[in-house]
Amino acid sequence: MFGKRGNEGSGKVGGAIAPPPPAPAAGSVASSPSILVEPSREPARQQVTPPPMQTPQRKRPARTDEYYDTKAQVFSALIDTIDLSQLSKLDGESAREEIRDIVNDIITIKNFAMSISEQEELLEDICNDVLGYGPLEPLLARDDIADIMVNGAGQTFIEVGGKTIESEIRFRDNAQLLSICQRIVSQVGRRVDESSPICDARLPDGSRVNVIAPPLSIDGPALTIRKFKKDKLTLDQLVRFGAITPEGATVLQIIGRVRCNVVISGGTGSGKTTLLNCLTNYIDRDERVITCEDTAELQLQQPHVVRLETRPPNIEGEGEITMRDLVKNCLRMRPERIIVGEVRGPEVFDLLQAMNTGHDGSMGTIHANTPRECLSRIESMIAMGGFTLPAKTVREIISSSVDVVIQAARLRDGSRRITQITEVIGMEGDVIITQDLMRYEIEGEDANGRLIGRHISTGVGKPHFWDRARYFNEEKRLAAALDAMEAKTKE
């Protein structure tokens, strides 16, 4: 389909190969004049040789300068030979086959001395550069990686098993890295450049992406990807990982089921979004749920879900849609539950109003280190939003809106735990009163540096949401879970 370009008598600039002759080599793809590239093209860009690179998935010989020089020549000839606009109309597998056929022809015509394994490696790299995300592809294919952190072209870190380690993945130069960043954010209608150097986006699989580009990022573009797991975690899996006990998981299921208003609190990377996804599994399938997020990553399984996403301003600084705009608008959409991916500012006031006016079971996440600090941060966010309400009034709104705060934490050994399930009881004077149903206590560490701890019951007989549980016919299961939790604590 994508034939070779005829020899117009002009060679490539900068050491790249001349276009192949009109007669294709044996086994090459037949020409299609309607999609050939026009003869006049700009000179090939000079290629900068990066450090040797290996994929973490398999061992292979360190790449040499000669490999990168060969790749630069083949890549330049490939770009001269095909029409990328036509290539983009093909599905992924067909496009890869077209590229492989043409690259094989280029290697044969130019008589590059390469082993079969080197040729396969070259084909894979070039396909990733043209169709995918270049050097990021092998990292994105691994399901054991939680985060990918690229600090300029020459340094990439990954988080595996709760620990951050340096990867051997490198980019050719900062221009290639910025090009890949632009490709990622353009898929969700956003842009990143000098005039708009900060951007949040997402990959097609739901992975969260943040890009900050020069001049704000001094050493080249900084790309951070919070990977989205293909197999979504459930509370049962969190139990197997030790993040929560079976009894604690049952309490969380009931909290989600009986429409408690929940705020999930935790630090960066503590698993707040994962836990929010787990809790939404227990929303009844006949409920209308509306989600509001900066970058859509929640994946609810209910059939009646409306997903809303904020929008940054355009190049003229207009057209911005904030989280507060979304939360205020979704109140007009007859929601039964409102899920806010992350509460960062004055939208918290609108969320509290929604929780207090018939939208029971609404949920959100917030950055805080303890449940008490979470409530203080909510109060601060309301003040930052310009609301001039007395402190006691603000606390009364919070205490009457939020039913449960669930605290998630990433411990120093890299493990993630649900460290507290805390009820908001009400007010006593000017103070919001809370009580813990469960908390996690660290007892030491083993020989490998892994922390040892256990979840303990605080001995609360009946939680404050007991009547709500009874309304949903869940009081017996709740009582059994709390009794089992207390019995284990006394062992």
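Let's start with C260: in this predicted model, C260 has 0% relative accessibility, so it counts as buried. C292 is buried too, with a relative accessible area of 0%. With cysteines like these in view, you may wonder how many disulfides a search of the whole structure finds. The count is 0. For C292, the closest cysteine sulfur belongs to C330 and lies 4.1 Å away, which is too far for a bond, because a disulfide calls for sulfur atoms within 2.5 Å.

Now turn to helix α6, which runs over residues 174-186. Its 13 residues reach 18 Å from the first C-alpha to the last, close to the 18 Å expected at 1.5 Å a residue. At the N-terminal end, D173 acts as the cap of α6, placing a side-chain oxygen 3.2 Å from the backbone nitrogen of A175. Further along, the buried residues of α6 are Q176, L177, I180, C181, I184 and V185. They cover an arc of only 170° around the axis, so they sit on the same side of α6. What do these buried residues pack against? Their partners are helix α4 (116-131) together with the strands β1 (145-151), β4 (198-202), β5 (208-212) and β6 (222-226).

Finally, have a look at the aromatic rings, where the count comes to 2 pairs. One of them joins Y471 and F472: the ring centres are 5.2 Å apart and the planes meet at 80°, so this pair is edge-to-face. Is each partner buried or exposed? Y471 is exposed, with a relative accessible area of 70%, whereas F472, at 18%, counts as buried.

Definitions and conventions
Residues are numbered from 1 along each chain as its sequence is written. Side-chain values use heavy atoms; hydrogens and water are left out. Helices (H or I, at least four residues) and strands (E, at least two) are DSSP runs, numbered from the N terminus. The expected span of a helix is 1.5 Å times one less than its number of residues. Buried means under 20% relative accessible area, exposed over 50%, partly exposed in between (1.4 Å probe, protein chains only). The arc is that of the directions from the helix axis to the C-beta atoms. Contact means heavy atoms within 4.5 Å. A polar contact is a pair of N or O atoms within 3.5 Å; within protein, one must be able to donate a hydrogen and the other to accept it, and residues adjacent in sequence count only if both atoms are side-chain atoms. Rings of Phe, Tyr and Trp (its six-membered ring) pair if their centres lie within 6.5 Å; planes under 30 degrees apart count as stacked, over 60 as edge-to-face and the rest as tilted.
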